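Here's a short set of exercises to work through with the model open in your viewer. Try each task before you read its solution.

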Amino acid sequence: MLKLVVLSAVLAVVAARPGALTYSYAPAAYIAKPEIYYQKSIIEEPTVAHVGSLVKTIPTAVSHQSSTVVHNSAKITEPIYAPAVKQTLVSTPVAKTTYYAAPAAYAYAAPALAYHDAYAYHHL
């Protein structure tokens, strides 16, 4: 029974000390620092590229019984295509926010109380 009384007395003394029921630290404050950087990436797309043209000349001729007369030759252009890869460089903005712990500012001073008695006699 004596142990229970001593334990309650010790707990009462600990709880009675100033600041025992309040926390000695403030909640953590954070400072946000946004940073924007650009992420570069290459986008590859399959496509068809125009490589060149093949020009064919086909002679046009008119044949009459025993003579053949060549007028002008017709030019036929045939495009040449080849498979290719189209590469596009894309810069994408990325926002990253970094949080830093802010320093906590504490003031444990008692407030200054100014007492002024209007009816008091001031000796000069």
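**Exercise 1. Work out how much of the protein is buried, and what its surface is made of.**

Solution. Keep in mind that this is a predicted model. Start with burial: of the 124 residues in the protein, buried ones make up 1%. Here, buried means under 20% relative accessible area. Next, take the surface: the protein exposes about 11900 Å². Carbon and sulfur atoms supply 64% of that area.

**Exercise 2. Lay out the secondary structure, then check how the contacts spread along the sequence.**

Solution. Count the elements to begin with: you should get one helix and two strands. Reading along the sequence gives the pattern α-β-β. Helix α1 covers residues 2–16, strand β1 takes residues 30–64, and strand β2 runs over residues 67–101. Now for the contacts: take those between residues at least 6 apart in sequence, and 74% of them join residues at least 24 apart.

**Exercise 3. Find the nonpolar surface patch and say which residues make it.**

Solution. The patch is made by Leu 2, Val 5, Val 6, Val 10 and Val 14, and its area is about 450 Å². Pick Val 14 to place it: this residue is found in helix α1. Then ask how accessible Val 14 is. Its relative accessibility is 42%, so Val 14 counts as partly exposed. That fits the patch rule, because a member needs over 30% relative accessible area.

**Exercise 4. Look for salt bridges and describe where the partners sit.**

Solution. Some background helps: side chains of opposite charge can pair when their charged atoms come close. The cut-off is a side-chain nitrogen of Lys or Arg within 4 Å of a carboxyl oxygen of Asp or Glu. By this rule the count comes to one salt bridge. Lys 56 and Glu 78 form it, with their closest N and O atoms 3.2 Å apart. The pair links distant parts of the chain, since Lys 56 belongs to strand β1 and Glu 78 to strand β2, 22 residues apart. Finish with accessibility: Lys 56 is partly exposed at 39%, and Glu 78 is partly exposed at 38%.

**Exercise 5. Take Ser 73 and Val 69 in strand β2 and list what they touch beyond their sequence neighbours.**

Solution. Set aside neighbours within four places in sequence, and Ser 73 is in contact with Thr 57, Ile 58, Pro 59 and Thr 60. For one of these, Thr 57, check the backbone: its C-alpha atom is 6.0 Å from that of Ser 73, though the two are 16 residues apart along the chain. Ser 73 is found in strand β2 and is partly exposed, with a relative accessible area of 42%.

Now do Val 69, which also lies in strand β2. With the same neighbours left out, Val 69 is in contact with Thr 60, Ala 61 and Val 62. At 37% relative accessibility, Val 69 is partly exposed.

**Exercise 6. Repeat the contact search from strand β1, starting at Tyr 37.**

Solution. First place the residue: Tyr 37 is found in strand β1. Leaving out neighbours within four places in sequence, its contacts are Thr 92, Pro 93, Val 94 and Lys 96. Tyr 37 and Lys 96 are 59 residues apart along the chain, yet their C-alpha atoms are separated by 7.9 Å. Last step, exposure: with a relative accessible area of 40%, Tyr 37 is partly exposed.

Terms used. Residues are numbered from 1 along each chain as its sequence is written. This is a predicted model: local features need pLDDT of at least 70, side-chain atom pairs count only at pLDDT 80 or more; totals for chains, interfaces and linings use all residues. Side-chain values use heavy atoms; hydrogens and water are left out. Patches are made of residues with over 30% relative accessible area and no salt bridge: like charges are joined within 9 Å, nonpolar side chains (Val, Leu, Ile, Met, Phe, Trp, Tyr) within 5 Å. Accessible areas come from the Shrake-Rupley method with a 1.4 Å probe; for residues, only the protein chains shown count as cover. Helices (H or I, at least four residues) and strands (E, at least two) are DSSP runs, numbered from the N terminus. Buried means under 20% relative accessible area, exposed over 50%, partly exposed in between (1.4 Å probe, protein chains only). Contact means heavy atoms within 4.5 Å.
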